[in-house]
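User: I'm new to this one and would like to go through it slowly. Could you take my questions as they come?

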Amino acid sequence: MKLAAAEIDLSALTHNLRCIKSIAPNTKVMAVLKANAYGHGLVTIAQHLQGADAFAVARIDEALALRAGGLTNPIVLLEGFFNAGDIPILLANNFQAVIHNEAQLIALEQAQLDAPIAVWLKVDTGMHRLGIEPQELELFYNRLKSSANVKSHIHLMTHFSCADDQQNPKTSQQIDTFSHLVDSKQEQICLANSAGIIGWPKSHGDWIRPGLMLYGVSPMVDQVGREHGLQPVMKLTTKVIAIRRLPANEPVGYGGRWQSSKDIMLAVVAMGYGDGYPRHATSGTPVIIKGQRFSIVGSVSMDMITVDIGDNQANVQIGDEVEMWGPNLPVEEVAKHAGTIPYELLCNVTPRVSYEYLNAK
Ligand SMILES: *Cc1c(COP(=O)(O)O)cnc(C)c1O
């Protein structure tokens, strides 16, 4: 019996890419595949996103894994390179680099290369994580333009800090700051992550950088993917491995943190933080068995979770499938119960979970 499993619906993935293109027509798509394609499986996801114009990852190893998997698409390194020794690897593998600091600029100017590499110059418009200061743009731009190691078209990019919140004026300020800076330049621009794509049409520019929404999940506060026309790609399931009676006022699980005032039946399901299910999911977090919602109760342990199935009118039995999140239970909702964001839950699915890819073309 297969226990913890992640079903990856590849037709939902291609649907989501089409949906993104309809939300932001006339822009090119840089599909963000970092962190094992948000836990969905890097190479297989990339193989089924051939409608994207480029891929983006955070680490050189992730980009090399795509090449090793046979993918020849353009790849952008969102943090560029980390030391001068990386630059020949970028050139040899046709990776494009985000340039966000002076150390990178100097290393690039001084490299001995047979051919130039493509760069994306990143400006910090308010996120204050990576990027050059707005007033540094002219200097960086001119130095990159005059370096023989850099391809002549320099893409210009920035990143939003608060785009998931439509009430926050910060995103409009970032868009304005960026627009003023780049207006006079004949270059391609890229601003929007998923939240920018959904919430801030003015940010669509020449390129967009969707991550989370490719996987069918909403980046917006208090919304779920379906509200944007997206379909969840991952369905995380497991099985019921025991059904037992819990007498009234008897605590269940580590720490005895939960008890019921009446006799109930418990379903023990084979999933825990060892599979990537969040340990901080509180009693009351939903799961689905036989099409019905039930609540997890007590502490999540490494391999198991206890579920309150009441008087078991639904006739839950050993071997029944349990949906932990997926098409019938948004991961956004589970994340809220666990005090985190859906990004973290998807990335944290561990190798113990068996992956199954469905609806490949
Ligand atoms: C991760 C990342 C993205 C994608 O963000 P989503 O919210 O998942 O769409 C876009 N741009 C940069 C720079 C990133 O690091």
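User: Let's begin with a single residue. Which helix is Leu42 found in?

Analyst: Leu42 sits in helix 3, which covers residues 42-47. Keep in mind that this is a predicted model.

User: What makes Leu42 count as buried or exposed?

Analyst: Its relative accessible area is 9%. The cut-off for buried is under 20%, so Leu42 is called buried.

User: Which residues does Leu42 touch?

Analyst: Setting aside residues up to four places away in sequence, Leu42 touches Leu33, Asn36, Ala37, Glu62, Ala65 and Leu66.

User: Asn36 is on that list. Where is Asn36, and what makes it count as buried, exposed or partly exposed?

Analyst: Asn36 belongs to helix 2. Its relative accessibility is 39%. Buried needs under 20% and exposed needs over 50%, so Asn36 lands in between and is called partly exposed.

User: What is Asn36 in contact with?

Analyst: Gly41, Leu42 and Glu62, leaving aside neighbours within four places in sequence. Asn36 and Glu62 are 26 residues apart along the chain, while their C-alpha atoms are 7.8 Å apart in space.

User: What stands out about phi in Tyr38?

Analyst: Phi of Tyr38 is near 50 degrees, which is a positive value in a residue other than glycine. Tyr38 is placed in helix 2, residues 34-39.

User: Why is Tyr38 called what it is, buried or exposed?

Analyst: Tyr38 has 6% relative accessibility. Set that against the limit of under 20%, and Tyr38 therefore counts as buried.

User: What about phi in Asn94, and where does that residue lie?

Analyst: Phi of Asn94 is near 60 degrees, again positive in a residue other than glycine. Asn94 lies in the loop between helix 5 (87-93) and strand 5 (95-99). Its relative accessibility is 45%. That is neither under 20% nor over 50%, so Asn94 is called partly exposed.

User: How do you know how many disulfides the structure holds?

Analyst: The count is zero. Take Cys19, which is in no disulfide: the nearest cysteine sulfur, in Cys190, is 18 Å away. A disulfide needs the two sulfur atoms within 2.5 Å.

User: And why is Cys190 without a partner?

Analyst: The closest cysteine sulfur to that of Cys190 is in Cys162, 18 Å away. With a limit of 2.5 Å, that is too far for a bond, so Cys190 is unpaired too.

User: What makes those two cysteines, Cys19 and Cys190, count as buried or exposed?

Analyst: Cys19 has a relative accessible area of 11%, and Cys190 has 0% relative accessibility. The buried class is anything under 20%, so Cys19 is buried and Cys190 is buried.

User: Where is Met30, and what does it touch?

Analyst: Met30 lies in strand 2, residues 28-32. Not counting residues up to four places away in sequence, its contacts include Ala54, Phe55, Val76, Trp120, Cys190 and Trp207.

User: Why is Met30 called buried or exposed?

Analyst: Met30 has a relative accessibility of 0%. Buried means under 20%, so Met30 counts as buried.

User: Let's zoom out. How is the protein divided, and how far apart are the pieces?

Analyst: There is domain 1 (10-215) and domain 2 (234-358). Taken over C-alpha atoms, the centres of domain 1 and domain 2 are separated by 37 Å.

User: How many residues of domain 1 and domain 2 are in contact?

Analyst: Nine residues of domain 1 are in contact with eight residues of domain 2.

User: How many helices and strands are there, and what share of the residues is buried?

Analyst: The secondary structure comes to 11 helices and 16 strands. Of the 361 residues in the protein, 54% are buried.

User: What box do the C-alpha atoms fill, and what area does the protein expose?

Analyst: Along the principal axes, the box is roughly 75 × 45 × 35 Å. About 15,700 Å² is exposed, and carbon and sulfur atoms supply 49% of it.

User: How many positive and negative side chains are there?

Analyst: The protein has 29 positive and 35 negative side chains, with the centres of the two sets 4 Å apart.

Key. Residues are numbered from 1 along each chain as its sequence is written. This is a predicted model: local features need pLDDT of at least 70, side-chain atom pairs count only at pLDDT 80 or more; totals for chains, interfaces and linings use all residues. Side-chain values use heavy atoms; hydrogens and water are left out. Buried means under 20% relative accessible area, exposed over 50%, partly exposed in between (1.4 Å probe, protein chains only). Helices (H or I, at least four residues) and strands (E, at least two) are DSSP runs, numbered from the N terminus. Accessible areas come from the Shrake-Rupley method with a 1.4 Å probe; for residues, only the protein chains shown count as cover. Lys and Arg count as positive and Asp and Glu as negative; His and the chain ends are not counted. The place of a charge is taken as NZ of Lys, CZ of Arg, CG of Asp or CD of Glu. Domain bounds come from an automatic or database domain assignment. Contact means heavy atoms within 4.5 Å.
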